[in-house]
Amino acid sequence: MAATQTMIFALDDTDHSFYALEWTLDHFFAAPQSLFKLIIVHVKTTPTSVVGLAGPGTSDVLVLVEKDIKKTAQRVCEKAKQLCDAKRVSDVTFDVIEGDARNVLCDAVDKHHATVLVMGSHGYGAFKRAVLGSVSDYCSHHARSSVMIVKKPKTKN
């Protein structure tokens, strides 16, 4: 039997990300014995990156924002755990890390010696991608592993 490899899955709170997680579970973890150990990484933003305030009362606002960010991370991870349970994938590790998603994900690949990094595509067009930047584009160029980007099919009108 081949040695177990590590797969990092980048999870955020979008439908695209949960579609990609379900697709990944169906295609890589449906067999009784998977070749991969799954580590789901959720990157939470720092409160200061969300709030651009300074002055009196800033610390109170930062505390509230931090609380909201933690609650979102817990909700996202719980939803992912439920999906994994429904797909009968139990050997999953969750890692919630604060920082810039691009750097956190590339660092997670290095830390866990991952073979592959999997993430969903938000489906941004060229203009939005140029303005906002693309985590998947950055990781595909900088991660020291293969990067698989799972795209949610577009609905036809």
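Okay, before anything else, a definition: buried means under 20% relative accessible area, exposed means over 50%, and partly exposed is in between, using a 1.4 Å probe and protein chains only. With that in hand, C77 counts as buried because its relative accessible area is 7%. C84 is buried too, at 2%. And while we're on cysteines, the structure holds 0 disulfides, a disulfide being a pair of cysteine sulfur atoms within 2.5 Å.

Quick housekeeping. This is a predicted model, so local features need pLDDT of at least 70, side-chain atom pairs count only at pLDDT 80 or more, and totals for chains, interfaces and linings use all residues. Residues are numbered from 1 along each chain as its sequence is written, and side-chain values use heavy atoms, with hydrogens and water left out.

Right, the overall layout. The chain has 6 helices and 5 strands. Those are DSSP runs numbered from the N terminus: helices are H or I with at least four residues, strands are E with at least two. Going along the sequence, you read β-α-β-α-α-β-α-β-α-α-β. Of the 157 residues, 35% count as buried. As for contacts, meaning heavy atoms within 4.5 Å, take those with a separation of 6 or more: residues 24 or more positions apart account for 76% of them.

Now the sheet. In what order do its strands sit? The order is 3-2-1-4-5, in an open sheet of 5 strands with parallel pairing. Two strands pair here if DSSP finds at least two bridges between them. Strand 3, residues 92–98, and strand 5, residues 146–150, are at the edges with a single partner strand each, so one side of each has no neighbour in the sheet. On average, neighbouring strands are turned by 25° against each other, direction ignored. Axes, by the way, are lines fitted to C-alpha atoms, for helices over the stretch in contact, and angles run from 0 to 180 degrees between N-to-C directions.

Zooming in on the pairings: strand 1 and strand 2 run parallel, joined by 7 bridges, and L11 has H42 in strand 2 as its bridge partner. Strand 2, which covers residues 36–44, also pairs with strand 3 in the parallel sense, over 7 bridges. There, V43 stands opposite I97 in strand 3.

Strand 1 is mostly covered, with 6 of its 7 residues buried. Take M7, which is found in that strand. Is M7 buried or exposed? Buried, because its relative accessible area is 0%. Its contacts, leaving aside neighbours within four places in sequence, include T24, F28, F29, L38, V116 and V118. I39 is another contact of M7, and the C-alpha atoms of those two are separated by 6.2 Å although they sit 32 residues apart along the chain.

Next, the cores. A nonpolar core is a set of buried Ala, Val, Leu, Ile, Met, Phe, Trp, Tyr and Cys residues joined through side-chain atoms within 4.5 Å. The largest one has 20 residues, and F9, L11, L21, L25, L38 and I40 touch the most other members. Strand 1, helix 1 (15–28), strand 2, helix 3 (58–86) and strand 4 each give two or more residues to this core. Looking at L38 alone, and not counting residues up to four places away in sequence, the residues touched include M7, F9, L25 and F29. There's also a second, separate core of 15 residues, with A10, V43, A108 and A143 among them.

On to the helices. Helix 4, residues 101–112, lies across strand 1, strand 2, strand 3 and strand 4, running at about 155° to strand 2. How do its ends compare with the expected span? That span is 1.5 Å times one less than the number of residues, so the 12 residues should span 16 Å, and the end C-alpha atoms are indeed 16 Å apart. The buried residues of helix 4 are V104, L105, C106, A108 and V109, and what covers them includes strand 1, strand 2, strand 3, strand 4 and helix 6. Right after helix 4 comes H113, whose phi is positive, near 50°.

Last stop, S136, which lies in helix 6. This serine is buried, with a relative accessible area of 14%. Not counting residues up to four places away in sequence, S136 touches M119 and I149. That's me done.
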